[in-house]
Amino acid sequence: LLDHKAQTISIALNSRLTAGAIRPDPRELDTLLNELSLASSRTELYFRFVKKKANAFDKASEICNLLKTSETNHKIQEMIGWYILIENYFMRESLSKAISVDESNPSDMMSSLSDDAFFVLQKSLKRAFSSNNIDGACAMINNASTLLLKEYKDELLKGLKCVQTSSQSGGIDLSDFPSMFQSQFQTSTSKPTTPGFDTWRTLGIACSNIEVSCQNLKKLIKLLQNEISVWSSELGETSKAKLDSCLAELCSASGVFQEVRQEAITCFIETLVIPDIRPFMQQFSHISHVIEEDALMDDDFIQRLAALLSQNLDEGKNHLLLELYEDMVLQLVSDLGIGLEHEILSSYFNQLGGVKLDRDLRQLISFLSNRTQHPIRDKFARIMQMASVLSLEKVEEVVEYWNMNSGPALWHLTSREIKQVLHLRRDFQEHEINNLNLSQSRELMS
């Protein structure tokens, strides 16, 4: 009967994409798998008991050979092969079921997918470890890693790709996001997409599912580490190395999921936030920064930017889990700094314009600092130094700042970049800037 069941499942695994193939209900296999695991566990415990007694009579080698060649051992090895096959099928089919019934409540920030999927993985892996069989445990760790890195990861990415494709005409491959994002403030002048509530919610759920999956995977790895530590006293060096190697594969899967998490944050920002902010940011270089004193206190641009950011950050906070929201803000701030730097380098200033830029940036930093628990000042270090250079009264003053004992070690701009910024001052002479002697050896190396 067991052999027939295993053959049926083997056929089902090999034809799992074929319509009409016979597919046993995984729920009907639960009791069978528990019994197989228990039989393996009892046999292993019996073998350990016999070996322990044999050691007391200096018969260990003889008894070990006897157990290894026994019919009982042959049968249990055959049974473990069946167990691995059936457990793998149970895990795959249960995961497919979790994907097919995925749903979310209106009040939830995530769907049922992640918790259901990892419940299945945890159940199968705990059962594999309870069998007390190294080969069974290692095989199921490897199978779990494969499922996570293929079927499950692909399902998580579907949520990102689906929303991204529907939000932007033509669609953009997720692999292009990092380089694409840095150029958004620079190249696009098209009318932004204004996502509705459904887009925020759909993408928020997709991102939060990825966040919870990362957390659940860490918990699963911790659980398996505890299981291995319980086994440690009974394991030889070879068996422990085998388990550690399999667990290392699962840990590497955790690294992959962290990369997926970063893709999700980038996708969220690119799809929902940047289309709102980009056209407004592009106005910066079209505003005159060669100003008179009466325009110094005009903070209309920075107030409108803060209001726009506030609106988008509020939406993000309403649709993302807290830790994910915090990291989203941190990345947005970083890329906002990149966008502002490009706009600054596309503008011209006088001293008052530089002073106003410095004041506006401090206002923006203060506003953003109140929206996250992370420190963000370092994200604006370069443009704050640009503002300091642009607010100097004379060209030669930059040398004093550059050569101050605490100054050069903290510069985030190279000497070449400082001269590039100085050239943005309409009232500075080009030959004075070119003749500046800023020691290359004192620059901050990044």
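**Figure 1. The largest pocket has a lining of 22 residues.** Five of them lie nearest the centre of the pocket: E44, R48, K51, I134 and S239. The model shown here, and in every view below, is predicted. The space in this pocket comes to about 680 Å³. Several helices build the lining. Those giving two or more residues are α2 (30–56), α3 (60–68), α4, α6 and α9 (237–281). Helix α2 provides the largest share, with six residues.

**Figure 2. The lining of the largest pocket mixes nonpolar, polar and charged residues.** Eight of the lining residues are charged. Seven are polar, and seven are nonpolar.

**Figure 3. A salt bridge links E151 to R92.** The structure holds 19 salt bridges, and this view shows the pair E151 and R92. Their closest N and O atoms are 2.8 Å apart. E151 sits in helix α6 (residues 134–167), while R92 sits in helix α4 (residues 71–100), so the pair ties together parts that are 59 residues apart in sequence. How accessible is R92, buried or exposed? R92 is buried, because its relative accessible area of 16% falls under the 20% cut-off. E151 has a relative accessibility of 23%. That value lies between 20% and 50%, so E151 counts as partly exposed.

**Figure 4. K150 and D154 form a salt bridge within helix α6.** Their side chains meet at 3.4 Å, N to O. Both residues belong to helix α6. They are four residues apart, which is about one turn of the helix. Both partners are partly exposed. K150 has a relative accessible area of 48%. For D154, the relative accessibility is 31%.

**Figure 5. R425 and D427 pair a buried residue with a partly exposed one.** The two side chains meet in a salt bridge, with 2.9 Å from N to O. Which category does R425 fall into, buried or exposed? R425 counts as buried, because its relative accessibility is 2%. D427 is partly exposed, with a relative accessible area of 41%.

**Figure 6. Four residues join into one salt-bridge network.** The members are D30, E87, K123 and R127. What joins them into one network? The salt bridges share partners.

Notes. Residues numbered from 1 in each chain as written. Predicted model: local features only at pLDDT ≥ 70, side-chain atom pairs only at ≥ 80, totals over all residues. Heavy atoms only, no water. Buried < 20%, exposed > 50% of the residue type's maximum accessible area, 1.4 Å probe, protein only. 1 Å grid on protein atoms, 1.4 Å probe; cavity = no way out; pocket = protein on both sides within 12 Å on 5 of 7 lines; lining within 4 Å. Points joined across faces, edges and corners; volume = space filled by probe spheres on them. Nonpolar A, V, L, I, M, F, W, Y, C, P; charged D, E, K, R; others polar.
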